[in-house]
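Visitor: Please take a close look at the cysteines in this model. What does a search of the whole structure find in the way of disulfides? After that, go on to the metal site and the pockets.

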Amino acid sequence: MEFHYSTYRIRLRHTFTIARSSHDYYDIIFVYLTKDGITGVGEAVPMNRYGEPFDRLLKLALTFDINDLDDSGSLDDWLDQLLPKADSCRSFSMALDTAAYDLWGKLHGEPLYDRLGALPEKTPLTSYTIGIDSIDVIRQKVTEAEQYPILKVKLGTDDDRAIIETIRDCTDKVVRVDANEGWDLETALEMCDWLATKNVEFVEQPLPSSDLESTARLKEQSPLKIIADENCLDSRNIPELADAFHGINIKLMKCGGVREGFKMIQMARELDLEIMLGCMIETSVAISTATHLSPLVDYADLDGHILISNDPYLGATVDGGKLTLPDGPGLGVTLRESVAEPMEEELA
Ligand code: MG
């Protein structure tokens, strides 16, 4: 098996602002695993919140060595050898895990959803994310999002009520709220009571991840369901979350890949936690990977590729909010012809 990688700058259609940061672009890394002339692809995006800036991903890619890898065994054997090489960097682990699943699927003619026991016709609707912005821009974004039946709205600002009032001025479609740890308990209690009168479906990560105790008090009193995001990195977090949250947001970039994400789904089901599948700002490689898992969950927030203007890949599509999986083995993603030139930097 051979490894190589390329870097790529994804550009956002709109500056993307959440409670703690603002971006026009992100530099990301694609990794490729090749065996018998067949190549699988995976994607790592930086996550500063979790100590994984782009520089760290690049350093891992530059020094990555799979000369000692025995690729004669099963996919699990591959993952057992590959993932520890990510040095506990979750997004890099995700890229390796995805490339391995994609390569295995292509070598065996098996779409990823088949391997996961997921039915492609059962993909859910995805929400469409409205980041933090001025009231005028939010109004414009809601208009642009007309084809999406569910909006996910970023809050955690001084203007939270004005943002929701503006959206309700434009549309009565279902809204999911993500406060990205931006509230304290008192604010969260007030906001959840108020949002419950505004056709809001649930609230994601209202309080700082360090304050699980207050989140448990909020869960007791809130009329709206509370979903964990920053509190839920991987399966090790799940047992402690059942008392404080109604559900979890699984992001493959946060948990380190498909194998861990699938394990989280099984654990959450055993604990009666609802499951949402979310994403970072990502291309069709990572979004399609998550879409293969999406028939197994309750809610999808897989719009990262819609928010960027130069996605180099084609894969899962979104039409009227409905996610559709591509045909083909592995992930089923293909390079778009218009950006099929060599990427910005490549190391064979
Ligand atoms: Mg979130």
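Guide: A disulfide is counted here when a pair of cysteine sulfur atoms lies within 2.5 Å. The model is a predicted one, and a search of the whole structure finds zero disulfides. Take Cys 192 to begin with. The closest cysteine sulfur to its own is in Cys 232, at 19 Å, and Cys 192 forms no disulfide because that is too far for a bond. Cys 192 is also buried, with a relative accessible area of 0%. For Cys 232, the closest cysteine sulfur belongs to Cys 255, at 8.5 Å, which is again too far for a bond. Cys 232 is buried as well, its relative accessible area being 0%.

Cys 255 turns up again at a pocket. The second largest pocket holds about 350 Å³ of space. It is lined by 15 residues, and those closest to its centre are Leu 83, Ser 93, Cys 255, Gly 256 and Glu 260. Helix H3 (90-108) and helix H11 (258-270) each supply at least two residues of this lining. By residue class, the lining of the second largest pocket divides into four nonpolar, four polar and seven charged.

The largest pocket has a volume of about 590 Å³. Its lining takes in 30 residues, with Ile 18, Ser 21, Tyr 26, Pro 46 and Met 280 nearest its centre. Two or more residues of that lining come from each of strand E1 (2-18), strand E2 (21-35) and strand E5 (150-154). E2 gives the largest share, six residues. The classes in the lining of the largest pocket are 13 nonpolar, seven polar and 10 charged.

The metal site is the remaining part. A magnesium ion has three protein donors listed by residue and atom: Asp 178 (OD), Glu 204 (OE) and Asp 229 (OD), which lie 2.1 to 2.2 Å from the ion. Along the chain, these donors follow the spacing D-x25-E-x24-D. Asp 178 sits in strand E6 (residues 174-178) and Glu 204 in strand E7 (residues 200-204); the two are 26 residues apart, and the pair links distant parts of the chain. Both Asp 178 and Glu 204 are buried.

To return to the request: the search finds zero disulfides, and the sulfur of Cys 192 has its closest cysteine sulfur 19 Å away, in Cys 232.

Conventions:
Residues are numbered from 1 along each chain as its sequence is written. This is a predicted model: local features need pLDDT of at least 70, side-chain atom pairs count only at pLDDT 80 or more; totals for chains, interfaces and linings use all residues. Side-chain values use heavy atoms; hydrogens and water are left out. On a 1 Å grid over the protein atoms alone, a cavity is a set of points where a 1.4 Å probe fits but cannot get out, and a pocket is an open set with protein on both sides within 12 Å along at least five of seven lines; lining residues have an atom within 4 Å of a point. Grid points are joined across faces, edges and corners, and a volume is the space filled by probe spheres set on the points. Helices (H or I, at least four residues) and strands (E, at least two) are DSSP runs, numbered from the N terminus. Ala, Val, Leu, Ile, Met, Phe, Trp, Tyr, Cys and Pro count as nonpolar, Asp, Glu, Lys and Arg as charged, and the others, Gly among them, as polar. Buried means under 20% relative accessible area, exposed over 50%, partly exposed in between (1.4 Å probe, protein chains only). Donors are N, O and S atoms within 2.8 Å of the metal (3.2 Å for Na, K and Ca); water is not among the atoms, so sites may look incomplete.
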